[in-house]
Amino acid sequence: MPTATSRRSTSRSKPRIHINPHTPPPRTLIVLIPNHNPAPQGSKELRGFYTHPTTGKKIPYLAESSKRHGPWRDAAARHTVRSRAAVGNPPPMDGVIRAEVIFTMAPPKNLPNDPAKLQAMYPNTRHYGDGDKLLRSTFDALQDGGAIVDDSRIVRIVVDQLFPWHPGALEAPGAVIRLTRTDLPPEEPSA
């Protein structure tokens, strides 16, 4: 059974977030997460109990049931930090945010030879995960990477789960996320 100290030492570390105070918060931010298979944030499994060092109470030790979740969330947070750095390390977005997410999933091993059947295939089996659980892990990573203040700010969501051959998908597994502040006035066209 893990102790409280071993539990803390095995947790994932958050990426280092740099904020440039002279860069205004962005109206739009695009995060590209290439070459990583999107993974859902699944249910938690009870792995035992540990004793709280101060209160002496037994606390349940819960662990993520999906083994793919940790690598996906870490990669998404790292790429979020890189996307922010590319636009000057602005502060996290706050306000009313719309998220457009395109997940490109790894294709199955057995593919039909008929192009029409191939175009009609979508990642809609349990293996790929529910869209809401994919979003949960991805939005938490966006928060870890400093793109948003909190994922509760995202009030509109458009999500696609595609294979690499579908229009709009990446060439390999990954995701493209476009975050837009909808509570700001429209930008003035530059003359």
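Let's start at one residue of this predicted model: Asp94 is partly exposed, with a relative accessible area of 33%. That value places Asp94 between the two limits, because buried means under 20% and exposed means over 50%. Its charged partner is Arg153, and the two side chains form a salt bridge with N and O 2.5 Å apart. Arg153 is partly exposed too, with a relative accessible area of 27%. Asp94 sits in the loop between α2 and β4, while Arg153 sits in the loop between α4 and β5 (154-162), so this pair ties together parts that are 59 residues apart in sequence.

With that pair in mind, let's step back to the whole chain. The protein chain holds four helices and six strands. Read from the N terminus, its elements follow the order α-β-β-β-α-β-α-α-β-β. Of the 191 residues in the protein chain, 36% are buried. Among contacts with a separation of 6 or more, 82% are made by residues 24 or more positions apart.

Now for the sheet. Four strands make an open sheet in the order β1-β6-β4-β5, and the pairing is mixed. The edges are taken by β1 and β5, each with a single partner strand, so one side of each has no neighbour in the sheet. From one strand to the next, the twist averages 10°.

It helps to follow β4 and its two partners. Strands of a sheet pair through backbone hydrogen bonds, either parallel or antiparallel. With β5, β4 pairs in the parallel sense over eight bridges, and Ile102 stands opposite Asp160 in β5. With β6, β4 pairs in the antiparallel sense, also over eight bridges. Here Arg98 stands opposite Thr180 in β6, and Phe103 has Ala175 in β6 as its bridge partner. Helix α2 packs on this sheet, where it touches β1, β4 and β6. The direction of α2 makes about 135° with that of β1.

Next comes the nonpolar interior. Which residues have the most contacts inside the largest nonpolar core? They are Phe103, Leu142 and Leu179, in a core of 25 residues. Two or more residues each come from β1 (28-34), α2 (69-86), β4 (97-104), α4 (131-144) and β6 (174-181). Helix α4 gives the largest share, five residues.

Leu179 is a good place to look more closely. Setting aside residues up to four places away in sequence, Leu179 touches Arg27, Thr28 and Leu29, then Met93, and then Ile97, Arg98 and Ala99. Further along the chain, Leu179 also touches Leu142, Ala147, Ile148 and Ile154.

Thr80 gives a view from helix α2, where this residue lies. Is Thr80 buried or exposed? With a relative accessibility of 0%, Thr80 counts as buried, because the limit for buried is under 20%. Its side chain reaches the backbone oxygen of Ala76 at 2.7 Å. Beyond its neighbours within four places in sequence, Thr80 is in contact with Val31, Ala141, Leu142, Gly145, Gly146 and Ala147. Leu142, then, appears among the contacts of Thr80 as well as among those of Leu179.

Finally, let's return to charged residues. Side chains of opposite charge can pair when their charged atoms come close. The model has five salt bridges. One of them joins Asp140 and Arg73, whose closest N and O atoms are 3.7 Å apart. Asp140 belongs to helix α4 and Arg73 to helix α2, and the two are 67 residues apart, so this is a link between distant parts of the chain. Both Asp140 and Arg73 are buried.

Arg73 has another partner, Asp144, in a salt bridge with an N to O distance of 3.0 Å. Asp144 lies in helix α4 and Arg73 in helix α2, so this pair ties together parts 71 residues apart in sequence. Asp144 and Arg73 are both buried. What links Arg73, Asp140 and Asp144? The three are joined in a network of salt bridges. Compare this with the starting point of our walk, the salt bridge of Asp94 and Arg153: there Asp94 is partly exposed, and Arg153 is partly exposed.

Conventions
Residues numbered from 1 in each chain as written. Predicted model: local features only at pLDDT ≥ 70, side-chain atom pairs only at ≥ 80, totals over all residues. Heavy atoms only, no water. Core = buried A, V, L, I, M, F, W, Y, C linked by side-chain atoms within 4.5 Å. Buried < 20%, exposed > 50% of the residue type's maximum accessible area, 1.4 Å probe, protein only. Contact = heavy atoms within 4.5 Å. Salt bridge = Lys/Arg side-chain N within 4 Å of Asp/Glu carboxyl O. Pairing = 2+ DSSP bridges. Polar contact = N/O pair within 3.5 Å; in protein donor to acceptor, adjacent residues only side chain to side chain. Axes fitted to C-alpha atoms, helices over the stretch in contact; angles between N-to-C directions.
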